[in-house]
Structures are given as C-alpha cells and as structure tokens.
Amino acid sequence: MSSKSLESIVSAFGHAVSKKLSSPVISGAPEDQLRGPLEALILEGIVGLLDYPKDAVALIGETALSEIMTRPDYAVTFKKALTGFIEVKAPGKGADPRRFQGHDKEQWTRLKSLPNLLYTDGMSFSLWRDGELQGAIVRLEGDLETDGKAVKAPGELLTLFSDFFTWTPQTPKTPRRLAEVSARLCRLLRDEVSEQLERGNVALTGLAEDWRKLLFPQADDAQFADGYAQAVTFGLLIARTRDIPLSNGIEHAAIDLKKSNSLIGTALGLLTDNADNRMVLKTSLDTMARVLNEVNWHEVGKNDPDAWLYFYEHFLEVYDNTLRKRTGSYYTPPEVVNAMVRLVDEVLRGPLFERPLGFASTDVTVADPAVGTGTFLLGVLRRIADTVAGDLGAGAVPAAISAAANRLIGFELQFGPFAVAQLRLIAEFQELMVVGAGKSATLPSLRLFITDTLGNPYVEDEHLPQMLQPIATSRREANAIKKGQPITVVIGNPPYKEKAEGRGGWIEAGSGGKMVAPMDWWRPPVEWGVSAHTKHLKNLYVYFWRWATWKVFGTGNYAATGTPDRDEEGVVCYITVAGFLNGPGFQKMRDDLRRTCSNIWIIDCSPEGHQPEVATRIFQGVQQPVCIVIAAKTLGKDRAVPAKVRYVALPKGRREEKFQALSALSLDVAGWEECSDGWRDGFLPEATGSWADMPPLTSLFVYDGSGVMPGRTWVIAPDRESLARR
Ligand SMILES: C[S@@+](CC[C@H](N)C(=O)[O-])C[C@H]1O[C@@H](n2cnc3c(N)ncnc32)[C@H](O)[C@@H]1O
C-alpha cells in the first residue's frame, strides 16, 4: 500500500505545474509544461494508490508534434498490453473535446474512434470510449496556476484512472457490432496514413508508389490511404477467421495468413512489412491488433446464415458514407439477386440457348464485374446446387459445385468487399461441399480478383519482385480473363456515379493509336442532334454496360482491340438506374443493343418515377428510378434485325411488394408489353391511345438541351430586384 495519499500526490502535482507555468524561462507549448508533472502524478502517485505493481503502467510519450491529428500524446500500456491513450491539452482548455474549436476539434473527430482515451488539461480529466464520455468529467478544486500546492482532487479521479488502466477490448458479439468496431479503427488508420503522406513520410510515400505500380495506377493519395486501411483491416479480420493471433505483431499475422490466403496475406504483408511504417501508424495499427485479437469469428455469425450479407454496408455507414456514394456501393437485396439469377437461368434453359441445366451447364461461365460482397455469385452457386440436386440427387452436389468454382468469376476494386466476398463464398462452398459423415471435400480455389474491371487489360506487366508474386499473378490472371476468356453471363449491380469523366479507364479512354475507345462506339453521331445529352454517358454504370457488351457479345471488339470480331452468344443482366431506357443521349447505346441482341427484357422497378418515397425504393439511398435489364444474344444474330424488346413494370408500392412481384415474375407470363422496334427508340412500351397521336415535345422546340445549369439556385429569381439584391 502506498504511503502517499491522493491529497499529497495532487498537491505535489499542483505545485509542480504552477512552478512550471510561472517560470520566466518557459519554453514549448503550455501543454508541454504539464507533461513532466502528469507523468509523475500517474507513475509515482496514482499507480501506487491503486495498488498496482510499480512497473504495471508505462507511458509511451510522443515527441511533442502538436500539429499531428491522429496521434495522442501518450500511448499507455498496462501489464505490457496497449490499453489506451492520453491527450494533453493546454491548461484552461478543459477536458470536454465536444466543446473544442479549430485544430482541437478536428483532432477530436479523428481520435474519438479510439476505444479508450483520456483527455486532460491538468485541471479536468475525462475518459472516452468510441467517442462516448464514460462517467463524469472529474475536475480538480482550485487553480493550477495560482493555487499550486492547495489544489485538491475528488476521489473520483482514482476511479477514472482505474477504469482507464483496466480497460479490455469488448468482444464484438454480432456482425453489426464487429462492422462498427472495425470501421471506426479503419477510419483512424486511413486518417493516419493520409496525414503521414501529407507530411511527406518517405517510407509511406514509397509504398504508395509501389501500390500504384502494382494495382491501381490511377489511385491518388486519398485512394491509397483508403485502400491501405481497408486492406489491413480486412486482412486482419480474415486472419481472425483462421484463428491467427494478432498479439505477436501484424507482420507475423501476415506471414501466417499468406499460407492460406495468398492474395490478402501478400497485401497485408506488403502494407505492414516495413517497421518504419508500422511505427508511424502505430496508434491505429496497435489498437486494431489489440481489439481485433479478441474477435471470435466462429461465435460472431453463429445462427445467422446471412450474417455477412450487410456486413460491408454497416461497415461503410460508420467508415465513410461519402465513399459509399463515391464508389456507388449500394449492395443488392438478396430477393432481387435471387430473381435476377432465376430469370437468367430461365433464359439459358429456354429456346434461345437450350441449356436445360441453366447455370449448371458446364459450358456456362459467369462473371460479376463489380462483385462487392459476392451476393450474385452466391446466388448463382445456390442455383447450381439446387439444379444439380434436383437433376442428379444431393450426392452429386459437392462434385458439381467444386467444378463450378472454375466457371464463376468476380472482379472488385476495393479490398473490404473483396475480403467479405471471399469469406461468404468460402463458407458457402464449405456448406455445399459436405460429403458423407459431415466431412468437407477440399475447397476449390476461387476466381475472385482485386482489379479495376474497366482498366486496360492490354498493358504489359512490369516485372514484380518475388515477394509480390501472388498479387502479380492475380492481376495477370484477371487481365487474361478480360482479354481472352469467353464469358456467357455477366450479371450484377454495377456502381452508379454520374459525372464520372476520367473514371472509365480503358473503356472510356481506349488503347490509343488507331483503336476506338469502347465508349466511343456508343457516342451518337453529331447529326443526330443529341450532343447536349451525351454527358449522361459519363456514368460508371454505363461504362460497365459497355464493358459487358464487349465482353459477352464481343460488340465493337475489332475497333477497340484490333483482334478479329467473333460471333459470341450470351446474356448480360444488370440492375442499374434507368436513365438509358429513354434518355436522348443513349440513342446510340440502344441502337447498338438492338442490333447486337436477340431479345431484351426490361423490368421497371420504379414505376413511381424520380425521387420516390424511400419505402418504395429497392436501394433506399438511390433516388433515381432503377431497372433490371436482361439482354441476350444468340449465335448468328443478324445486326439488321432489331432485338425483340419487352417491358414489365413492378407494382407501385412498398419494396416488399416489389420483391414479391419479382419472385413471381417469369419471362413466360402475361403482362410483358412489346416495345417499339425503332433503332433509337426508348426501351419502353409503345405509346398507345391518344398519347400516340400527340406530337413529341421535342418537335415543338428548335432547341432541345439542358440549357443553363448553374449548379445553384440563388442565380434564379422571378424578378430583377431579387437578383440585384443577392
Ligand atoms: C453497387 S456495388 C454492388 C456490389 C454487388 N454486386 C452487390 O450488388 O451486392 C458496386 C461494387 O463495385 C465496386 N467497383 C466500383 N468501381 C469498380 C471498378 N472500376 N472495378 C471493379 N469494381 C468496382 C465497388 O467497390 C462496389 O463494391
């Protein structure tokens, strides 16, 4: 038991601080004056009063770099394990960061991701967990500057420190909680990386260069920071699914992970191998390792087969909702995925393709070019299992599923969803491949790739060092698939992002020289008079449509690549926004789809129109009308004969009603309406009744375009005075 009392140690602290603050030769920031006395208060006072062994607590002080936002002044270990952080503010600033302004406020927005953080300005002490205040803010009595020795502390100060030291990570019990915890730390890591890049940190800048060379040539610093943080976070999560401990250091976890998951293990290794980098990013890396080490993967998702379905969405909500919008990451509800998979299966079985086993046919290859968390590939896999079980019996499923793995391909740009897709697919294979006596057969390797789908598959690979071979191999394989492997079905929910000029990679820019960029194939000729509308083609979903038609049907292949055109057959099925169904800028796209395809089915999912009520939307965050389109091309399709285009609208009403209608929909039922066969016409039913007799609006005006688009409303007013006033 310490011979000191709370009164005596706080009095000594007050004395020391007041002496420092009143010294005429004061140097450094005011908060720096607190550091020595605070260390003494904790290490020589509080630790003893709490009856801990002398060396139980260690304060690892940062050299005072007050402008760094992502690193608190002290990392604190308790019995050798990282337990939390202390941030010291200038005396008088208080310890309620919610009231801070300027730099301190901005710093708080980052540090509040930490699970155990103590703030103090010498007079006040507060404890924060994940941004939430724990208990009350404890204030000393007196004034540090003037009262010196007479300063007193309430007993709660000891309780606060005891809580702080004895924190242990909470084991996340549900996938949602795990998503939130991981997202918070991932965000802090991203901010730490960004900050270090801004400061010109040599090792990290070099790493960002390698990363660009290796994977994403167009990634700017912010995208690198995001890729880094997601790859590390999800790498560690995958490590935990394999029960790899994180307590021996992240670099060791990476080595272990590489043995079973070479791509993610290599990425984790690449990103965390350098000790200098680990050092500058230690606030978040060490916290993340400590927190995620507690994860018991087998417990988290128990009893819920779709536990991982919304994991990445929940992750993005906390991590960065803007990123979610920027990358167009709205994940498709399983009801919609199942309906799309079933309808394409029906097309494959039907008269156009005559594959009675649908997706289970051994010559049908499927790709999801924006695979996200893998929902479409999972849907296809389950469909194949059902077909095989129905056709040959349950015993035939494991072998058929194993063989099918080679026919399912997924591309994804972000590490986070990619890792989740892997987890979900592996779990599904495990479940479907159980053979006699509950034993799983050896799992096949998955054909999932980290790649920019729209990127140029024709660029030569640079030689990469041995250590990075798994990444190089994966990239080469993805490019080989893009260039050479015939794909029968492209299915998915590609990202939506308007004004995406410059983000369409090879699809938008082409290979240069005499080659025509794939997107140019869809640019309407000037004489069609719709140039004012072609800006709408600059949308990620349109680029993905163009990619799919090139990949599956071979549309415009010779013009884009110089390799001979081939007659291909297949199906493209996407859910996207519906602008291309009748927008004037999309006339050439529709003309080309009519020439290329044999049949096109349009399912209007938003009969309510633009900005419908949220409850009616398939994607709650998407205001634009949405549609599912299935486009099929048979071998030998004559480009002079327009595709047969048919249309059906889901009922107006709540999304659940739409799901129900989708589940009952078949290509064969009544209710589909014929659309016009005019090459450039909208993919909508022909106008009937008096509408059909009216002149189109565009024929009444000499000019048809968007007019002035100021992008703000204050420049528009009904009278001159208001404008002058503004
Ligand atoms: C709308 S989400 C759909 C994901 C999934 N198909 C689903 O519906 O659940 C689009 C996905 O495409 C990915 N993505 C965006 N641009 C990409 C690109 N150029 N190449 C590959 N994937 C991309 C995003 O990261 C995101 O995961």
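Q: In this predicted model, are Tyr 52 and Phe 78 buried or exposed?
A: Both are buried. Each therefore has under 20% relative accessible area.

Q: How many aromatic pairs does the structure hold, and how do Tyr 52 and Phe 78 fit in?
A: The structure holds 26 aromatic pairs. Tyr 52 and Phe 78 form one of them, with ring centres 4.9 Å apart and 70° between the planes. The limit for a pair is 6.5 Å between centres, so 4.9 Å qualifies.

Q: Why is the pair of Tyr 52 and Phe 78 called edge-to-face?
A: The angle decides. Edge-to-face needs planes over 60 degrees apart, and this pair has 70°, so the name applies.

Q: What makes the link between Tyr 52 and Phe 78 one between distant parts of the chain?
A: The two residues are 26 residues apart. Tyr 52 sits in the loop between α2 (32–49) and β1 (57–61), and Phe 78 in strand β2 (residues 74–78).

Q: Which class of aromatic pair do Phe 234 and Tyr 312 form?
A: A tilted one. Their centres are 5.9 Å apart, within the 6.5 Å limit, so they pair. Their planes make 55°, which is neither under 30 degrees nor over 60, so the pair counts as tilted.

Q: Which parts of the chain does the pair of Phe 234 and Tyr 312 tie together?
A: Phe 234 belongs to helix α8 (residues 221–241) and Tyr 312 to helix α14 (residues 311–319). The pair therefore ties together parts that are 78 residues apart in sequence.

Q: How do you know whether Phe 234 and Tyr 312 are buried or exposed?
A: Set the values against the 20% cut-off. Phe 234 has a relative accessible area of 3%, so it is buried. Tyr 312 has 0%, so it is buried.

Q: Which residues form one aromatic cluster with Tyr 52 and Phe 78?
A: Phe 125, Phe 161, Phe 164 and Phe 165 join Tyr 52 and Phe 78 in one aromatic cluster.

Q: What makes Arg 680 count as a charge over the ring of Trp 528?
A: Arg 680 lies over the face of Trp 528, at 3.8 Å from the ring centre. The limit is 6 Å, so the distance passes. Arg 546 over the face of Trp 522 passes too, because its distance from the ring centre is 5.5 Å.

Q: Why do Asp 104 and Lys 89 count as a salt bridge?
A: Their closest N and O atoms are 3.1 Å apart. The limit is 4 Å, so the pair counts. Asp 104 lies in helix α3 (residues 102–111), while Lys 89 is in the loop between β3 (81–88) and α3, so the bridge ties together parts 15 residues apart in sequence.

Q: Are Asp 104 and Lys 89 buried or exposed?
A: Asp 104 has 9% relative accessibility, so it counts as buried. Lys 89 has 5%, so it is buried.

Q: What separates Glu 180 from Arg 176, and why are they called a salt bridge?
A: They are four residues apart in helix α6 (residues 175–198), which puts about one helical turn between them. Their closest N and O atoms are 3.7 Å apart. That is within 4 Å, so the name holds.

Q: Why are Glu 180 and Arg 176 called partly exposed?
A: The class runs between 20% and 50%. Glu 180 has 21% relative accessibility, so it counts as partly exposed. Arg 176 has 40%, so it falls in that class.

Q: Which network includes Glu 180 and Arg 176?
A: A network of salt bridges links them with Asp 130, Arg 177, Arg 184 and Glu 317. A search of the whole structure finds 32 salt bridges.

Q: What makes strand β14 (residues 599–604) mostly covered?
A: Six of its six residues are buried. Asn 599, Trp 601 and Ile 603 point one way, and Ile 600, Ile 602 and Asp 604 the other way. In a regular strand, side chains alternate between the two faces of the sheet.

Q: How do you know that β14 pairs with β15 and β16?
A: Pairing needs at least two bridges. Six bridges join β14 to β15 (residues 626–633), so they pair, and they run antiparallel. Six bridges also join β14 to β16 (residues 644–649), and these run parallel. Asn 599 stands opposite Ala 632 in β15 and opposite Lys 644 in β16.

Note on methods. Residues are numbered from 1 along each chain as its sequence is written. This is a predicted model: local features need pLDDT of at least 70, side-chain atom pairs count only at pLDDT 80 or more; totals for chains, interfaces and linings use all residues. Side-chain values use heavy atoms; hydrogens and water are left out. A salt bridge is a side-chain nitrogen of Lys or Arg within 4 Å of a carboxyl oxygen of Asp or Glu. Buried means under 20% relative accessible area, exposed over 50%, partly exposed in between (1.4 Å probe, protein chains only). Rings of Phe, Tyr and Trp (its six-membered ring) pair if their centres lie within 6.5 Å; planes under 30 degrees apart count as stacked, over 60 as edge-to-face and the rest as tilted. A charge sits over a ring if NZ of Lys or CZ of Arg is within 6 Å of the ring centre and within 35 degrees of the ring normal.
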